[in-house]
Amino acid sequence: AVVLGIESSCDETGVGLVRMGERDPATGQPRLELLGHQLASSSDQHARYGGVVPEIASRAHLEAMQPTMAAAFAKAGIDRDQVDAVAVTCGPGLAGALLVGVAAAKAYAAGWDLPLYGVNHLAGHIAADTLEHGPLPANTLALLVSGGHTQLLRAGDLGTNLEQLGSTVDDAAGEAYDKVARLLGLGYPGGPVIDQQAAAGDPAAIAFPRGLTGPRDNPYDFSFSGLKTAVARYVEGKRRAGEPVPVADVCASFQEAVADVLTAKTVRAARDIGADTVVIAGGVAANGRLRELAEIRCGDAGITLRVPRPGLCTDNGAMIAAIGALAIAAGAQPADPALTGNPGLPVATVHV
Ligand code: ATP
Ligand code: MG
Ligand code: FE
């Protein structure tokens, strides 16, 4: 069976085509093959505002949907009559942006007489990994780090549900990257440019705080707003003193603080719940230092680490086709015809 995935929750219009193969005997989950996917981004149009402007994103989705669909089919080298189901992101995300994807998915499903499934964007981020590395073992801990979320989740039953162990109490990791980039005047999105700048800096140059790492703090929760404030204070101090801001050192030290906390808490949680596999997903999983430090620390702890290739970490349509396929394989029923976008869809709701 082939599943078509449509993503439009933020500023990326994505369409992906995934083939569901044989079930893997060890996990009972189907093997997924990415046939092809296409992406259109309105990121450039938001850059001068320092963040995503919802109205601009919605209009861009509307304009990009059909050409992106056509390009995804061309890349996959298949015809629309070879598709068996449509999956669409129905939340969480921006209300207007979700609406465009859901309306398009309904139209394609109705026009092509296919069942429609509404799926969770966050579960999709995690499912992206199964396109490259196969089904996730039952004992999997997921670290989801994206523009709007930072969570530790049990992901062994991904097609059916996700169980949250902890989350950020304030900013998401990606949000911290975007805010720090903004205060350094590096533009939007902040992650890739900070990642790049950090390569030339010293991660030990400035001692930035590690949030919620005290003995009485919840070991599975995260906090990044104090870190962001510390970076802002440091930069302001330099500017007030008329001294140059050591941008590369600030980026490297900030990035080190983020990667240190994320990996330390993930390994701790994996040990506590007896997880033998850790998967890191979401846009921030593309980060070079996070991937490197996670590799080291999971290796030391005897945990198998899985991270999608960077291009599948940020939003795309392939991940939505993937979670659609996993949900269908787990017995999901098609969505109600009244399916609509839900900006606040809870992470535990893998499909509606
Ligand atoms: P959510 O998935 O929570 O709804 P989103 O879809 O907007 O939010 P993603 O597309 O998953 O978020 O990720 C975008 C975020 O990832 C942005 O905050 C961006 O700065 C960050 N990011 C992208 N690449 C990198 C990188 N190399 N290093 C660090 N952060 C990165
Ligand atoms: Mg984006
Ligand atoms: Fe996302």
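**Exercise 1. Decide whether D315 is buried or exposed in this predicted model, and describe its surroundings.**

Solution. Begin with the count of neighbours: D315 has 27 C-beta neighbours inside 10 Å, and a residue is buried if 20 or more other C-beta atoms lie within 10 Å of its own, so D315 counts as buried. Next, place the residue along the chain: D315 sits in the loop between α10 (310-313) and α11 (318-329). Finally, list its partners: once neighbours within four places in sequence are set aside, D315 is in contact with E7, S9, C10, E12 and G14.

**Exercise 2. Determine where H121 lies and which residues it is in contact with, leaving aside its neighbours within four places in sequence.**

Solution. The first step is the secondary structure, and H121 belongs to helix α4. The second is the environment: 27 other C-beta atoms fall within 10 Å of H121, which is therefore buried. Beyond four places in sequence, the contacts of H121 are S9, T89, G91, P92 and G93. S9 is thus a contact of H121, and S9 is also listed for D315.

**Exercise 3. Explain why H121, H125 and D315 can be said to gather at one spot.**

Solution. According to UniProt, in an unreviewed entry, the feature "binding site" is placed at H121, H125 and D315. These residues span 195 residues in sequence, yet no two of their C-alpha atoms are more than 8.6 Å apart, so they gather at one spot. The UniProt entry, which is unreviewed, also places "domain: Gcp-like" at residues 34-321; the end C-alpha atoms of that span lie 9 Å apart, and the span is 50% helix and 15% strand.

**Exercise 4. Describe the shell around ligand 1, stating which helix gives the most to it.**

Solution. Start with the size of the shell: 25 residues surround ligand 1, and the closest are G147, G148, G174, G191 and G283. By class, the shell comprises seven nonpolar, 15 polar and three charged residues. Turning to the helices, α4 (121-133), α5 (173-183) and α6 (190-198) each supply at least two residues, and α6 gives the most, with four.

For a comparison with the record, the unreviewed UniProt entry has "binding site" at positions including S146, G147, G148, G191 and N287. S146 lies in the loop between β6 (140-145) and β7 (150-154), and because it has 24 C-beta neighbours inside 10 Å, S146 counts as buried. Outside its neighbours within four places in sequence, S146 is in contact with H125, A172, G174, G282, G283 and V284. N287 lies in the loop between β9 and α9, and with 28 C-beta neighbours inside 10 Å, N287 likewise counts as buried. Its contacts, under that exclusion of sequence neighbours, are G191, D195 and A259.

**Exercise 5. Check the length of helix α9 against expectation, and work out how its buried residues are arranged.**

Solution. At 1.5 Å a residue, the 14 residues of α9 (residues 288-301) should span 20 Å, and the end C-alpha atoms are 20 Å apart, which agrees. The buried residues of α9 are L290, L293, A294, R297 and C298. They cover an arc of only 125° around the axis, which puts them on the same side of α9. The general reason is that an α-helix has 3.6 residues a turn, so residues three or four places apart point the same way. On the other side of α9, E292, I296, G299 and D300 are exposed. The cover over the buried residues of α9 includes α8 (247-273), β9 (277-281) and β10 (304-306). After α9 comes G302, whose phi is positive, near 70°.

Conventions
Residues are numbered from 1 along each chain as its sequence is written. Chains are lettered from A and ligands numbered from 1 in the order in which they are written. This is a predicted model: local features need pLDDT of at least 70, side-chain atom pairs count only at pLDDT 80 or more; totals for chains, interfaces and linings use all residues. The expected span of a helix is 1.5 Å times one less than its number of residues. A residue is buried if 20 or more other C-beta atoms lie within 10 Å of its own, exposed if 12 or fewer, and partly exposed in between; C-beta atoms are placed from the backbone. The arc is that of the directions from the helix axis to the C-beta atoms. Two residues are in contact if their C-beta atoms, placed from the backbone, lie within 7 Å. A residue is near a molecule or strand if its C-beta atom, placed from the backbone, lies within 6 Å of it. Ala, Val, Leu, Ile, Met, Phe, Trp, Tyr, Cys and Pro count as nonpolar, Asp, Glu, Lys and Arg as charged, and the others, Gly among them, as polar. UniProt positions are given in the numbering used here, feature names are shortened, and annotations may be inferred rather than shown by experiment.
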